[in-house]
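This report concerns the empty spaces and the nonpolar packing of one protein model. Please consult the sequence and the structure displayed below while reading.

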Amino acid sequence: MRVLVVGAGQAGLVTACGLAQLDGVEVTVMSHKTPDEIRRGHVMSTQVIFGGGLEFERSLGINFWEQKTPDIGGIGLCAMAPGVPMDQQPAVDWYEPLDATAQSVDQRVKFAGLLEYLKGLPSANVITNFTTSGELARTAGKYDLVLVGAGKSELVKMFGRDDSRSTYDKPQRALSVVYVDGVPPGDNDPDYPIVRFNATPWGELFMIPGLTKTGPCQILFIEARPGGPLDRFEPDTGERILAPDEHLRRFKEALRDHFPWQYSRCRDAELTDATAYLAGQYVPTIRNPLLTLEGG
């Protein structure tokens with residue numbers, strides 16, 4: 001059986017790794033970047049893999065970074081309440097342990113490593129010139145199964161929007177992330193790493209212990225209501241509008257102004273590397289899962 005996986009993200013790569021371990025299955029993965037290009041590029045997102053997902057990756061033997069990655073042992077919530085002065089916020093502050101630990105590995109590290117792992121398997125092939133819609137139509141017939149997990153690429157737009165299930169027609173949050181060093185544990189945190197969720201009327205802040213190219217880090221992720229006071233980052237258009245220092249400066253100002261209970265932890269934070277930041281906005285969209293190409 002011949003399988004083509006288009007897209008080298010979390011879904012595509014883990015699927016390809018599993019299929020490539022099956023007898024009689026040959027897998028080809030199409031990625032728009034080489035492993036080295038992925039490592040040198042900007043961070044792509046935030047991520048946390050919880051217990052069930054980690055167990056699945058362990059069962060495939062692809063948990064290559066497990067011993068280096070902080071074990072996330074719980075989830076915490078800080079939330080504001082109306083009528084409470086800012087210097088007394090957050091009004092809600094609690095955490096709860098997880099039944100099984102979670103982990104967060106920088107996708108630059110993970111995706112590059114999984115591509116190299118697949119390259120070393122006799123049943124797998126990696127192609128790094130990403131296909132277009134026309135090329136996909138000409139190529140699909142050579143395979144028994146074609147899976148497209150190409151994220152936000154133009155190729156995915158071939159799968160039409162499911163209007164009956166897609167609620168929104170514009171972005172609901174302006175997103176910004178930094179991977180940083182120099183963030184100590186919170187005063188009210190337990191003696192193990194936790195994901196901390198901070199909720200305000202103008203948006204949210206996630207704080208995620210993770211692993212990046214330089215080692216353990218803290219991932220800070222702002223979800224701002226578009227047009228609100230937290231929306232102060234230019235989205236990534238392929239040409240970086242904000243320099244690294246300027247992006248981090250704006251991020252810290254946002255924490256100071258709207259999450260002061262976390263700002264004291266983060267005031268001395270520094271980017272883990274010059275490409276450890278990202279900003280963007282996306283319309284939440286559910287697409288049709290199947291596509292019939294020309295020629296059937």
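## Nonpolar cores

Contact here means heavy atoms within 4.5 Å. The structure is a predicted model. On the contact criterion, and leaving aside neighbours within four places in sequence, leucine 118 is in contact with Leu13, Ala16, Cys17, Ala20, Val29, Ala124 and Val126.

Leu118 is also one of the residues that touch the most other members of the largest nonpolar core, together with Leu13, Val27, Val29 and Leu115. This core holds 27 residues. Two or more of its residues come from each of β1 (2-6), α1 (10-20), β2 (26-30), α4 (107-119) and β5 (124-127). Another core lies apart from it and has 26 residues, including Ala174, Val183, Met207 and Tyr263.

## The largest pocket

The largest pocket contains about 1400 Å³ of space. Its lining is made up of 43 residues, and those nearest its centre are Met44, Ser45, Gly151, Lys152 and Tyr282. How do the lining residues of the largest pocket divide by class? There are 18 nonpolar, 19 polar and 6 charged residues.

At least two lining residues are supplied by each of α1, α4, β7 (174-181), β10 (215-224) and β12 (277-281). The largest share, 4 residues, belongs to β12. Helices α1 and α4 thus appear in two settings: each gives two or more residues to the largest core, and each supplies at least two residues of this lining.

## The second largest pocket

For the second largest pocket, the space amounts to about 490 Å³. Of its 23 lining residues, Val146, Val148, Phe159, Leu290 and Leu291 are the closest to the centre. By class, the lining of the second largest pocket comprises 14 nonpolar, 7 polar and 2 charged residues.

Both α5 (133-139) and β6 (145-148) supply at least two residues of the lining. Strand β6 provides the largest share, with 4 residues.

## Cavities

How many cavities of 30 Å³ or more does a search of the whole structure find? The search returns 2. The largest cavity has a volume of about 120 Å³. It is lined by 14 residues, and Leu54, Glu57, Gln103, Val105 and Lys110 are the closest to its centre.

Helix α3 (residues 51-60) contributes the largest share of this lining, 3 residues. The lining of the largest cavity consists of 6 nonpolar, 4 polar and 4 charged residues.

## Two buried loop residues

Glycine 41 is located in the loop between α2 (35-40) and α3. Why does glycine 41 count as buried? Its relative accessibility is 15%, and buried means under 20% relative accessible area. Not counting residues up to four places away in sequence, glycine 41 touches Arg108 and Thr275. Although glycine 41 and threonine 275 are 234 residues apart along the chain, their C-alpha atoms are separated by 6.4 Å.

Serine 166 occupies a place in the loop between β6 and β7. With a relative accessible area of 8%, serine 166 is buried as well. Its side chain reaches the backbone nitrogen of isoleucine 286 at 2.9 Å. Once neighbours within four places in sequence are set aside, the contacts of serine 166 are Arg161, Thr285 and Ile286. Isoleucine 286 therefore appears both in the contact list of serine 166 and, under the 3.5 Å limit for a pair of N or O atoms, as its polar partner through the backbone nitrogen.

Key: Residues are numbered from 1 along each chain as its sequence is written. This is a predicted model: local features need pLDDT of at least 70, side-chain atom pairs count only at pLDDT 80 or more; totals for chains, interfaces and linings use all residues. Side-chain values use heavy atoms; hydrogens and water are left out. On a 1 Å grid over the protein atoms alone, a cavity is a set of points where a 1.4 Å probe fits but cannot get out, and a pocket is an open set with protein on both sides within 12 Å along at least five of seven lines; lining residues have an atom within 4 Å of a point. Grid points are joined across faces, edges and corners, and a volume is the space filled by probe spheres set on the points. Ala, Val, Leu, Ile, Met, Phe, Trp, Tyr, Cys and Pro count as nonpolar, Asp, Glu, Lys and Arg as charged, and the others, Gly among them, as polar. A nonpolar core is a set of buried Ala, Val, Leu, Ile, Met, Phe, Trp, Tyr and Cys residues joined through side-chain atoms within 4.5 Å. Buried means under 20% relative accessible area, exposed over 50%, partly exposed in between (1.4 Å probe, protein chains only). A polar contact is a pair of N or O atoms within 3.5 Å; within protein, one must be able to donate a hydrogen and the other to accept it, and residues adjacent in sequence count only if both atoms are side-chain atoms.
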